[in-house]
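Colleague: I should like to learn how to read a structural model feature by feature. Might we go through this one together?

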Amino acid sequence: MMERPKVAFFDLSCCEGCQLQVANLGEELLDVLGLIDLVEFREVMSETWEGRYDVAIVEGSVVNEESEQRLREIRRRSDLLIAYGSCATIGGVNGMKNRKPLPEVQQEVYGERADWFPTDRTRPLHQLVKVDYFIHGCPIHPQEFIKVLKSALAGLPYQVPDYAVCVECKFNENVCLYDKGVTCLGPVTRAGCNAWCVNNGNVCYGCRGLVSNPNRAGAEEVLREHGLDAGLIANKMLMYNAAMEPCDE
Ligand code: SF4
Ligand code: SF4
Ligand code: SF4
């Protein structure tokens, strides 16, 4: 019998919410566990593994030299690397610190002990190492996680949708929030979550990042028409995407 692929989960800077999503998968996770040899996953087991990984699944972004070295070491030991969660795929909320001078951020968070905690601007994984599969979202959408993991195990590609969340929203026959006077980032946000938030009565915050050719000017105009000023529009658009913006360095 062929050896089952060795799979490991890792976390860099993040809230661990995406790991929790995986741990909470229940029966679907048991199905997947039947196909793999899970060798490392800090949130659910204490064992670690010194050998090679067939698949490394990494959550969180790189925010300092230590996490950069750790990521490079994981990549060196892995045949396939999956970035999961918007912290890992686009920088996510961690990227907000890229909008301020780093010493200011350090001071605000750590006060007089700022020097104890060296920090760097936030980077998603692909800005440092090769990433084979992306699972966007904050947190990840569990069904997409299963789909991507199965594709990786089968050696098949997974194409992240490159159309707007609005497409999925319309398939779900939601009344558009703009018709209710509410603003929503669905028109510029990459689909793949089946419009999860809107289906459940919330707005799209843009957690999966922008589509590759977003009509930013159009989106900003619509947001302006709904009473948002330029500062608020920028904050909305950059809440998840700041680490994907060109940086001053
Ligand atoms: S993507 Fe969101 S839920 Fe996942 S680790 Fe980052 S902050 Fe947490
Ligand atoms: S509610 Fe949001 S995601 Fe749905 S159609 Fe309107 S703008 Fe698009
Ligand atoms: S609807 Fe928007 S905010 Fe919600 S999961 Fe999908 S992309 Fe993320």
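Colleague: Is glutamate 16 buried, partly exposed or exposed?

Modeller: This is a predicted model, and the classes rest on relative accessible area, with buried meaning under 20% and exposed over 50%. Glutamate 16 has a relative accessibility of 25%, so it counts as partly exposed. Its place is in the loop between β1 and α1.

Colleague: What is notable about the phi of glutamate 16?

Modeller: Most residues other than glycine have a negative phi, and most peptide bonds are trans. Glutamate 16 is not a glycine, yet its phi is positive, at about 70°. Glutamate 173 also has a positive phi, near 60°. That residue lies in the loop between α7 and α8; with a relative accessibility of 72%, glutamate 173 counts as exposed.

Colleague: Which peptide bond is cis?

Modeller: The bond from cysteine 138 to proline 139 is cis, with omega near 0°. Proline 139 is found in the loop between β5 and α6.

Colleague: Which residues surround ligand 1?

Modeller: Both partners of that cis bond, Cys138 and Pro139, belong to the shell. Also among the surrounding residues are Cys14, Cys15, Glu16, Cys18 and Cys87. Helices α1 and α4 are the elements that give two or more residues to this shell. By class, the shell holds 6 nonpolar, 4 polar and 2 charged residues.

Colleague: How are the shells of ligand 2 and ligand 3 made up by class?

Modeller: Around ligand 2 there are 8 nonpolar, 1 polar and 1 charged residues. They include Cys166, Cys169, Cys176 and Cys184, along with Lys170. Helix α7, residues 165–171, gives the most to this shell, with 3 residues. For ligand 3 the division is 6 nonpolar, 2 polar and 1 charged. Its surroundings include Cys193, Cys197, Cys204 and Cys207, together with Arg208.

Colleague: How should one read the nonpolar core, and which residues have the most contacts inside the largest one?

Modeller: In soluble globular proteins, nonpolar side chains tend to be buried together. Here the largest nonpolar core has 24 residues, and Phe9, Val22, Ile57, Ile82, Tyr84 and Phe145 have the most contacts inside it. Strands β1, β3, β4 and β5 and helices α1, α2 and α6 each supply at least two residues of this core. The largest share, 5 residues, comes from α6. A second, separate core has 18 residues, including Leu185, Ala195, Ala219 and Ile233.

Colleague: Where does glycine 92 lie, and is it buried or exposed?

Modeller: Glycine 92 is in the loop between α4 and α5. Its relative accessible area is 0%, so it is buried. Beyond its neighbours within four places in sequence, glycine 92 is in contact with Ser86, Cys87, Met239 and Tyr240. Glycine 92 and proline 124 stand 32 residues apart in sequence, with their C-alpha atoms 8.1 Å apart in space.

Colleague: What contacts does glutamine 106 make?

Modeller: Glutamine 106 lies in helix α5, residues 102–110. Apart from neighbours within four places in sequence, glutamine 106 is in contact with Gly111, Ala114, Phe117, Pro118 and Thr119. With a relative accessible area of 17%, it is buried.

Colleague: Finally, how many residues line the largest pocket?

Modeller: Rolling a probe the size of a water molecule over the atoms shows where empty space is left. The largest pocket has a volume of about 360 Å³. Its lining comprises 17 residues, with Lys97, Val105, Val109, Tyr110 and Thr119 nearest its centre. The lining divides into 9 nonpolar, 3 polar and 5 charged residues.

Technical notes
Residues are numbered from 1 along each chain as its sequence is written. Chains are lettered from A and ligands numbered from 1 in the order in which they are written. This is a predicted model: local features need pLDDT of at least 70, side-chain atom pairs count only at pLDDT 80 or more; totals for chains, interfaces and linings use all residues. Side-chain values use heavy atoms; hydrogens and water are left out. On a 1 Å grid over the protein atoms alone, a cavity is a set of points where a 1.4 Å probe fits but cannot get out, and a pocket is an open set with protein on both sides within 12 Å along at least five of seven lines; lining residues have an atom within 4 Å of a point. Grid points are joined across faces, edges and corners, and a volume is the space filled by probe spheres set on the points. Ala, Val, Leu, Ile, Met, Phe, Trp, Tyr, Cys and Pro count as nonpolar, Asp, Glu, Lys and Arg as charged, and the others, Gly among them, as polar. A residue is near a molecule or strand if one of its heavy atoms lies within 4 Å of it. Helices (H or I, at least four residues) and strands (E, at least two) are DSSP runs, numbered from the N terminus. Buried means under 20% relative accessible area, exposed over 50%, partly exposed in between (1.4 Å probe, protein chains only). Contact means heavy atoms within 4.5 Å. A nonpolar core is a set of buried Ala, Val, Leu, Ile, Met, Phe, Trp, Tyr and Cys residues joined through side-chain atoms within 4.5 Å.
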